[in-house]
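Please read the points below alongside the sequence and the coordinates, and check each of them against the model as you go.

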Amino acid sequence: KKAKPKKSKIPPRDTLTEQQRKEIEEAFDILDTDGSGQIEAGDLLVALRSLGFEPRKDEVKKLMSDNDKDNSGKINKPQFLEIFRAKWGETDSHDLLHLAFQLYDEEEEGLLSLDNLMKVTEEIGEETPAETLQEMMNEAAGVKPGEADATQITEEQFMKILVKQTEKPA
């Protein structure tokens, strides 16, 4: 007889879809403003709070100490991914999209401009031409051919773009 596996609160590694993994990695890339490949506890706190978690500072310290194997005070992308994989049962991709929107909305106006989208795609290493981003903004904003281009999009429109992008065949 095989022993029954113990039930764990942490879902198995394969519960993250490729899209979820990509979203988490992109969030890390945005937080890694100096391009070092590492983030500090404050950045982790920002990420968790943006996702609707309300961790206490001691909880963030524990997450850091549990994942910061070399005691550098920083975690790398695989460690960040592991933290969010473990937290995934408590959140969903909508929350990650909300986090992404907040990170892109530098002016904190609840709107994204073409410049915001271009900066972000550049930061995460995506080669998306401005024309393509403008087309996506126009489609999400419901701009009809011949009408003026959308200059800004709301969070709801931003989510439409990303959901539509994830539905395209690879």
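The points that follow move from the chain as a whole to two of its residues.

1. The model is predicted, and the chain contains 8 helices and 4 strands, which are arranged from the N terminus on in the order α-β-α-α-β-α-α-β-α-α-β-α.

2. As for burial and surface, 36% of the 170 residues in the chain are buried, while the accessible surface of the chain amounts to about 11000 Å², with 49% of this area belonging to carbon and sulfur atoms.

3. Concerning contacts in the chain, if one takes those between residues at least 6 apart in sequence, then 61% of them join residues that are at least 24 apart.

4. Asn 138 lies in helix α7, which spans residues 130-141. Asn 138 counts as buried because its relative accessible area is 12%, which falls under the 20% cut-off. Once its neighbours within four places in sequence are left aside, Asn 138 is in contact with Val 143, Asp 149 and Ala 150.

5. Arg 49 belongs to helix α2, made up of residues 41-50. With a relative accessible area of 41%, Arg 49 is classed as partly exposed, because that class lies between the 20% limit for buried and the 50% limit for exposed residues.

6. Which residues does Arg 49 touch, not counting those up to four places away in sequence? They are Glu 54 and Pro 55. In addition, the C-alpha atoms of Arg 49 and Leu 99 are separated by 8.9 Å, although these two residues are 50 residues apart along the chain.

Notes:
Residues are numbered from 1 along each chain as its sequence is written. This is a predicted model: local features need pLDDT of at least 70, side-chain atom pairs count only at pLDDT 80 or more; totals for chains, interfaces and linings use all residues. Side-chain values use heavy atoms; hydrogens and water are left out. Helices (H or I, at least four residues) and strands (E, at least two) are DSSP runs, numbered from the N terminus. Buried means under 20% relative accessible area, exposed over 50%, partly exposed in between (1.4 Å probe, protein chains only). Contact means heavy atoms within 4.5 Å. Accessible areas come from the Shrake-Rupley method with a 1.4 Å probe; for residues, only the protein chains shown count as cover.
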